[in-house]
Each structure stands twice: as C-alpha cells, then as structure tokens.
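Here are some notes to go with the model. Have a look at it first, then read through the points below.

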Amino acid sequence: MTKLSRSKIELSLECPRCFWLDMTKGVKRPPGFPFTLNLAVDTMLKREFDEHREAGTAHRIIKENNIDAIPYNCPEINTWRHNFTGVQVEHKATDFLVYGAVDDIWINSKKELMVVDYKATGAKEHSIYDSYRRQMEIYQWLLRTRGEKVSDTGYFLFCKVNKEKGFADTKMSFDVYLEPMKGDSSWVEGAILNARKLYDGGMPPAGAECDYCPYVEAREKVT
C-alpha cells in the first residue's frame, strides 16, 4: 500500500506534475527554509497542553475563549501527532495509506473531537488561508473515516510575534489568537481518487500556480 500524506494531497492540487514526479520518480521540490520558529512554538504549545491533557483540565486559552473542551487524552495521541505516522486510513479504493499528523485534538462535552492546528507567524495580520482550510478538513476526514465522532468546528491557534514590544527583558513576545473554522471535508474523497489517477498516469501538465515547473522550463531554454 502506497503512503499518501496530507501534504502530498495538497501538492496534487497545487501542481499535478510536481506530485507525479515526487510520488512516482522520487524527484522532490527543493526544500524551503526550515521553519525553526514554528517548530519551537509547536513544541512549547504541546508541552503546555499535555500538562492539561494529563490533568483532564482546560488550558487558559480554552477558558479565555469560552470553548467547551479539554485536550483529548487517548493512547493514540502521540502517534497521531508524529510526522511519519499521524492519523492513518487505509483507502481501499485507491490502495493508498492516507495519513496526516495533527498538532492537537480537543474533546467537547458532546464527546466530539475537535482538530486544533498551531500556526506561528511574524506577519502583520494572521489569516486562515485556503491551504490551512484544506489541511484542517483532511484531518477531520481522517478521523471521521476511522469512525471517530468529530466536530465540524476546528481551531487555529495563531502565535503572532509582537514586533512593537521587541525583546523586552531579552524575551520575544507573542500575541495569541484562537480562530474557529467550520470544515467541509466532502471534497477529500474526490481529491484522493484524483491523486490515484495522477499517480497511475503519465507525466501531467504543470499547475497554473506552480513556481517550480516554469523555473525548470526557463532554465532548460538557456542552458
């Protein structure tokens, strides 16, 4: 069974050619800059929420936003959060093992799981981009397909660098925002089927918004 990650589904939507080259030929896009700030924020947030997960209590961010939830504690939580395992579903129609690693999961009083994604940013304004929305909806689809009861509403926890405060007392300051999003994962099944079609076919055309394929084509013309 071939593994298909959440990020590879996103790649198939962004550029069919880059997806095909990656999945069938092992030719990956050049790596971007490492998001060390994001990784540090993820680690710190997980540590804080894990303390409340063990205690069965609501974190102050949950309380301040009047959310009916506590961090979800289950034997699979660390597997679901690990990049190389994540939440997994065997999609028999395509023979793909579809998976994605969540940042966190909360549970409300209705026993519904709520997907939570951490985002660190230095931008002036934080936004829920279309790719963020799809990311959330894939996680919701994975959990539902496994038979879990999942809330339509997930949350993005934005940690935005407060540039006005600078390095007060040699510490970087962050403003924290919790933004709800109502997901609709009805498109995910079709995207997985389309990924299989791309995988089985010949090299497809580049995506209209792809920055990588036009660069390669332009370079070939001058070398």
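1. At what angle do helix α1 and helix α2 pack, and how far apart are their axes? Helix α1 (residues 6-14) meets helix α2 (residues 16-25) at about 135°, and their axes are 5 Å apart. That makes α1 oblique to α2; the classes are roughly parallel under 35 degrees, roughly antiparallel over 145, roughly perpendicular from 65 to 115, and oblique for the rest. The axes are lines fitted to C-alpha atoms, for helices over the stretch in contact, with angles running from 0 to 180 degrees between N-to-C directions. Helices here are DSSP runs (H or I, at least four residues), strands are E runs of at least two, and both are numbered from the N terminus.

2. A word on provenance: this is a predicted model, where local features need pLDDT of at least 70, side-chain atom pairs count only at pLDDT 80 or more, and totals for chains, interfaces and linings use all residues. Residues are numbered from 1 along each chain as its sequence is written, and side-chain values use heavy atoms, with hydrogens and water left out.

3. Back to the helix pair. On the α1 side the contact (heavy atoms within 4.5 Å) is made by K8, L11, S12 and E14, and on the α2 side by P16, C18, F19, D22 and M23. Sorted by class, that gives five nonpolar, one polar and three charged residues. For the classes, Ala, Val, Leu, Ile, Met, Phe, Trp, Tyr, Cys and Pro count as nonpolar, Asp, Glu, Lys and Arg as charged, and the others, Gly among them, as polar.

4. E14 of helix α1 deserves its own point. E14 is partly exposed, at 33% relative accessible area (buried is under 20%, exposed over 50%, partly exposed in between, with a 1.4 Å probe and protein chains only). Beyond its neighbours within four places in sequence, E14 is in contact with R29 and G207. With R29 there is also a side-chain to side-chain polar contact of 3.1 Å. Polar contact here means a pair of N or O atoms within 3.5 Å; within protein, one must be able to donate a hydrogen and the other to accept it, and residues adjacent in sequence count only if both atoms are side-chain atoms.

5. Now R81, in helix α5 (residues 77-81). Is R81 buried or exposed? R81 is buried, with a relative accessible area of 11%. Its side chain makes a 3.1 Å polar contact with that of D50. Setting aside residues up to four places away in sequence, R81 touches K46, D50, R53, A101, V102 and D103.

6. S185 sits in the loop between β8 (174-182) and α7 (188-200), and is buried at 14% relative accessible area. The side chains of S185 and R144 share a polar contact of 3.5 Å. Outside its neighbours within four places in sequence, S185 contacts E137, W141 and R144.

7. On the nonpolar cores (sets of buried Ala, Val, Leu, Ile, Met, Phe, Trp, Tyr and Cys residues joined through side-chain atoms within 4.5 Å): the largest has 37 residues, and L4, W80, V98, I105, L142, L143 and I192 have the most contacts inside it. Helix α6 (residues 130-145) gives the most to this core, with six residues. A second, separate core has 17 residues, including V41, A58, A69 and Y118.

8. Overall, the protein chain has eight helices and eight strands, and 44% of its 223 residues are buried.
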